[in-house]
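Trainee: I would like to go through the terms used for this model and check each against its cut-offs.
Mentor: Go ahead.

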Amino acid sequence: MAFAAGDKDTAENNKQHINLSMQAYEVVMSDMFTFGEEKLSGFINTIFAHYSPVAKASVSRSLNTLRGELDKWLSGIPGDERTKTRIINGLVIQRRNRLIEQASSYGSGKAFKFWLNKENLTYLTEENSECGEEAYYGKRGKYIKSVIEEYTRLPYVQRELIYFQPSVEKIRCAIRDERQLRVVTGADSVYGVYPCDILCDPLSTANYLVGYCKRYALADEEKQPCSFRLSALKSVKVERSKSAFLKAGERKELAQKIASRGVQFMAGSETEIHVKLTEAGLYKYRRQTHLRPVLVRKENECFVFQCTVAQAEFYFFKFGKDAEIILPVSLREKFRLMYEEAAGVYRMRE
């Protein structure tokens with residue numbers, strides 16, 4: 001049943017009090033900043049709407065799912081039905097007690113009020129709502145808290161998929177139906193994408209839409225391997241009239257590029273990057289394996305790497321004076337300008 005209206009918690013009043021643990025509150029603040037969400041009410045409403053249907057904190061849903069799974073598993077086993085029922089009921093009660101104990105274990109730390117949107121308010125308070133959590137929480141604020149606390153304890157890449165669930169569902173639908181996507185990036189560039197998968201990088205720091213793409217306005221342009229960071233996409237639209245069939249050879253090429261470049265650096269062609277490394281720079285290269293470009297040979301005083309320019313920039317810029325870019329000249333010049341601009345900032349404060 002839905003949550004009953006009380007003196008301070010009425011169905012007409014969408015103002016909601018909640019008290020999160022400091023751990024959960026800090027994750028919420030961090031995710032809001034990363035995902036570009038400015039309003040706390042908007043963020044809490046989004047996470048609750050997207051995650052509550054599958055959260056373990058939704059005790060009623062969790063127990064119904066467990067009961068269905070147990071009934072299915074035991075249905076093919078010969079035996080007394082009353083015994084099977086007792087087994088199922090015993091396991092469900094055991095799970096219920098664990099979930100209730102988990103929900104009550106979250107501490108307090110940061111209290112605040114936010115506004116429930118119409119959809120969440122209706123789900124939580126309408127008489128004919130499918131919400132069945134009142135029996136386990138008593139007050140809707142305790143239920144919302146438990147859902148948010150559980151969300152904040154998930155790995156970042158899972159939280160990212162939850163927040164951007166509408167875009168994720170569109171992408172997965174397009175992959176299943178082999179339809180093209182129209183995506184708009186943070187720089188307002190528009191691409192037609194032949195989607196292949198949603199993947200995270202090796203260290204699970206972000207999710208990427210991976211496939212082939214071409215500029216949306218240039219229909220005759222040859223499609224190229226690509227990856228778009230999920231959180232950097234402004235909009236995603238399924239183009240149901242446009243096929244996105246990928247041949248086996250194209251999928252193989254994509255897999256090879258992911259293996260050699262990393263999912264972050266799918267765009268652009270690989271080239272040779274000539275770098276002079278100090279002893280300290282060589283030590284850093286040996287130690288810093290994340291997104292490390294492949295060393296193909298040593299040539300005179302230079303180490304020659306095979307990777308995209310974007311990967312070289314990302315990897316070697318943090319080396320500072322311990323890595324000097326020799327070739328390509330355009331990348332060398334870019335490093336010079338970036339270092340000079342950074343030094344200029346520090347000189348202005350002297």
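Trainee: What makes the charged end of R182 count as sitting over the ring of Y216?
Mentor: A charge sits over a ring if NZ of Lys or CZ of Arg is within 6 Å of the ring centre and within 35 degrees of the ring normal. The charged end of R182 is 5.1 Å from the centre of the Y216 ring, so the distance satisfies the 6 Å limit. R292 is placed likewise over the ring of Y285, 5.2 Å from its centre.

Trainee: What do these values rest on?
Mentor: The model is predicted: local features need pLDDT of at least 70, side-chain atom pairs count only at pLDDT 80 or more, and totals for chains, interfaces and linings use all residues. Residues are numbered from 1 along each chain as its sequence is written, and side-chain values use heavy atoms, with hydrogens and water left out.

Trainee: Why is the aromatic pair of Y191 and F228 called tilted?
Mentor: Rings of Phe, Tyr and Trp (its six-membered ring) pair if their centres lie within 6.5 Å; planes under 30 degrees apart count as stacked, over 60 as edge-to-face and the rest as tilted. For Y191 and F228 the centres are 5.3 Å apart and the planes make 55 degrees, so the pair falls in the tilted class. The structure holds 22 aromatic pairs.

Trainee: Where in the chain do Y191 and F228 lie?
Mentor: Y191 is in strand 4 (residues 190–200) and F228 in strand 6 (residues 224–229), 37 residues apart. Strands (E, at least two residues) and helices (H or I, at least four) are DSSP runs, numbered from the N terminus.

Trainee: Why is F228 called buried?
Mentor: Buried means under 20% relative accessible area, exposed over 50%, partly exposed in between (1.4 Å probe, protein chains only). F228 has 10%, so it counts as buried. Y191, at 23%, is partly exposed. G42 in helix 2 (residues 40–51) is also partly exposed, at 25%.

Trainee: How do you know that strand 8 and strand 10 pair?
Mentor: Two strands pair if DSSP finds at least two bridges between them. Strand 8 (residues 271–277) and strand 10 (residues 302–307) have 5 bridges, in the antiparallel sense, so they pair. I273 has F305 in strand 10 as its bridge partner.

Trainee: What makes strand 9 and strand 11 edge strands?
Mentor: The open sheet has 4 strands in the order 9-10-8-11, with antiparallel pairing. Strand 9 (294–299) and strand 11 (323–327) each have a single partner strand, so one side of each is left without a neighbour in the sheet.
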